[in-house]
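Reader: I'd like to learn how to read a few features off a model. Can we take them one at a time?

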Amino acid sequence: MYYRPVKIARLTLTCLGALVVILAAVCCSDRDADRNGSSVLAVVGKSQLTRAELSKALPLGLNGADSARYASAYIRRWVESRVISDLASAEIDMHDIDRMVNDYRNSLIEMEYRQRMADAHSVSEIPEDSLHNYYVANNSDFVLQRPMLQGVYLKVPDNARNIDVIRKLYRSDKQADIDRLEKEVLTSAIHYDFFRDKWVDWDQVESHIPYNFGSRPDEFLRGRDHFETTAGGFVYLLDIKDILPTGSIMPFESARSLIKERLNARKRRIYDAGLMDDLYNRSLKEGKIQLFVDLEP
């Protein structure tokens, strides 16, 4: 195998504030040594790396020493990639490479066009009754992998002057007590979440409480209507109004976003299929396509 020698002089890196000036002398037997002065940093075969290209590649915010190291590594990688490409071009059938590059380019153009057309035409607001009908017809697709619950969660400093009042109020269902609780937590609570009117994933609640609940949350929650623990100078209070155990059907409101994604994806597929058929048939009619074989329907 023949390796073409490439001579690259040692690079001298000088830091001037945040700007790194890199001087490179590149020698090739069949090329002018000057290369437009110092604007050219390296040459391999027919490729050349300029100072402007290097400047664009340098990340913002690097100090002088880091910029010098990055620049040196970048030039080295640039040279190595061109050397390999230069040598490989003599060993590899470039017609195959050109074909693969062209196929990949066409694929990118096709995907980009289809995506833009789908974004512009296929996505619109889905009626609420369509979402609900899909939920009813496919509720077996929305089985809970973890429990959900409704209730109240608070994180309060253990030395809060009104901690006992909060303990009394946070489990009450009376509207007057709920209203008073909201006033009390304004002066004391670090975190207060009232979710008796919506379902919340257990993971979301568990992540706020520094307590080892174990790997089987259903067993922990079964039969409980409240929980309290103290850690790190805070009291964590959890009122449990209701529980949906693992294996239950996800509530519609929780499944709503998933259903919307599915229906939008279906609309995209339908639109995309119609788009491709329309483009194909129109191109045939306009003579842009010539087929010399019979295609199966």
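**Reading surface, helix and salt bridges**

Author: Sure, let's start with one side chain: Val 293 is exposed, with a relative accessible area of 55%. Keep in mind that this is a predicted model.

Reader: Where does Val 293 lie?

Author: In the segment that follows helix 9 (252–285). Val 293 also belongs to a nonpolar surface patch, together with Tyr 280, Leu 284, Leu 291 and Leu 295. Added up, the patch has about 440 Å² of accessible area.

Reader: Okay, on to helix 9. How many residues does helix 9 have, and what does it span?

Author: The idea is to set the end-to-end reach against 1.5 Å a residue. Helix 9 has 34 residues and covers 48 Å from first C-alpha to last, close to the expected 50 Å. There is a bend, though: about 30 degrees, at Leu 258. And just past the end of helix 9, Gly 287 takes a positive phi of about 80 degrees.

Reader: Which residues of helix 9 are buried?

Author: Here buried means under 20% relative accessible area. Among the buried ones are Phe 252, Ile 259, Leu 263 and Leu 275, but also the polar-named Asn 264 and Asp 272. The buried residues of helix 9 pack against helix 3 (94–121) and helix 4 (128–137). Asp 272 turns up again in a salt-bridge network with Glu 110 and Arg 114.

Reader: Now salt bridges. How many does the structure hold?

Author: It holds 20. For each one, ask where the partners sit along the chain. Take Asp 103 and Arg 99, whose closest N and O atoms are 3.6 Å apart. They are four residues apart in helix 3, so about one helical turn separates them.

Reader: Which parts does the Asp 203 and Arg 146 pair tie together?

Author: Asp 203 bridges to Arg 146, with closest N and O atoms 2.7 Å apart. Asp 203 is in helix 7 (residues 202–206) and Arg 146 in the loop between helix 4 and strand 7 (148–157), so the pair ties together parts 57 residues apart in sequence.

Reader: What about Glu 228 and Arg 167?

Author: That salt bridge has its closest N and O atoms 2.9 Å apart. It links strand 9 (residues 226–231), home of Glu 228, to helix 5 (residues 163–169), home of Arg 167, and the two residues are 61 apart. Glu 228 is partly exposed at 35% relative accessibility, and Arg 167 is partly exposed at 29%.

Technical notes
Residues are numbered from 1 along each chain as its sequence is written. This is a predicted model: local features need pLDDT of at least 70, side-chain atom pairs count only at pLDDT 80 or more; totals for chains, interfaces and linings use all residues. Side-chain values use heavy atoms; hydrogens and water are left out. Patches are made of residues with over 30% relative accessible area and no salt bridge: like charges are joined within 9 Å, nonpolar side chains (Val, Leu, Ile, Met, Phe, Trp, Tyr) within 5 Å. Accessible areas come from the Shrake-Rupley method with a 1.4 Å probe; for residues, only the protein chains shown count as cover. A salt bridge is a side-chain nitrogen of Lys or Arg within 4 Å of a carboxyl oxygen of Asp or Glu. Buried means under 20% relative accessible area, exposed over 50%, partly exposed in between (1.4 Å probe, protein chains only). The expected span of a helix is 1.5 Å times one less than its number of residues. The bend at a residue is the angle between axes fitted to the seven residues ending there and the seven starting there. Contact means heavy atoms within 4.5 Å.
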